[in-house]
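Here are a few exercises to work through with the model open beside you. Take them one at a time, and try each before reading its solution.

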Amino acid sequence: DDKTIRLWSLDSLTPTAELHGHTDMVLTLVYSLDGRTLASGSQDGKIRLWEVERAVQIGQPLQLGDDFVSALSAAPHGETITAAHGGRVVEWPFTASAWVERACQLARREITTDEWARYSSDSAPPTLCADVPRPR
């Protein structure tokens, strides 16, 4: 109810980090297959991705509208998550490589460092989209 996510050590049974960003109750969580990324869905209608090791948010949240995110599920291949949102289902990239690929495909050009900085906590390599296939 307090809008935070707490990560815990299973060895010591103590909290290791708190993740802040949601503006309403967090309703659902799912880890990536490798355990390095956590996705959270909230009553605020947003999905946020978190880098578990550094306990930081990855990029900007996906805003799905006024309805809350009631469920999240990782795809078997691990590249995407599926979110139940109101009466619809939305698929969203779940790994850094999937985010880069989706951004490059949508932009249909190289992404600038300034654009990348708005959506990523890491600096962008100079040729981020060079090897990403573009839709025809």
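**Exercise 1. Find the residue in E6 that stands opposite Leu49.**

Step 1. Start at Leu49 and look across to E6, where Ile58 stands opposite.

Step 2. A word on the ground rules: this is a predicted model, in which local features need pLDDT of at least 70 and side-chain atom pairs count only at pLDDT 80 or more, while totals for chains, interfaces and linings use all residues. Residues are numbered from 1 along each chain as its sequence is written, and side-chain values use heavy atoms, with hydrogens and water left out.

Step 3. Now widen the view to the strands, which are DSSP runs of at least two residues, numbered from the N terminus. Strand E5 (residues 46-51) pairs with E6 in the antiparallel sense over 5 bridges; pairing requires that DSSP finds at least two bridges between two strands.

**Exercise 2. Work out the strand order of the open sheet, and say which strands stand at its edges.**

Step 1. The open sheet has 4 strands in the order E3-E4-E5-E6, with antiparallel pairing.

Step 2. Strand E3 (26-31) and strand E6 (56-63) each have a single partner strand, so one side of each is left without a neighbour in the sheet. These two are therefore the edge strands.

Step 3. On average, neighbouring strands of this sheet are turned by 20° against each other, direction ignored. The axes behind this angle are lines fitted to C-alpha atoms, and angles run from 0 to 180 degrees between N-to-C directions.

**Exercise 3. Locate the salt bridges, and decide whether the side chains involved are buried or exposed.**

Step 1. Recall that side chains of opposite charge can pair when their charged atoms come close. A salt bridge here is a side-chain nitrogen of Lys or Arg within 4 Å of a carboxyl oxygen of Asp or Glu, and the structure holds 3 of them.

Step 2. Arg6 meets Asp2 at 2.6 Å, N to O. Glu18 also forms a salt bridge with Arg6, with the closest N and O atoms 3.4 Å apart. This second pair links distant parts of the chain, 12 residues apart: Glu18 lies in strand E2 (residues 14-20) and Arg6 in strand E1 (residues 4-9). Asp2, Arg6 and Glu18 are thus linked in a network of salt bridges.

Step 3. Arg54 pairs with Glu51, their closest N and O atoms being 2.7 Å apart.

Step 4. Check accessibility: buried means under 20% relative accessible area, exposed over 50%, and partly exposed in between (1.4 Å probe, protein chains only). Partly exposed residues include:

- Arg6, at 38%
- Asp2, at 41%
- Glu18, at 39%
- Arg54, at 42%
- Glu51, at 22%
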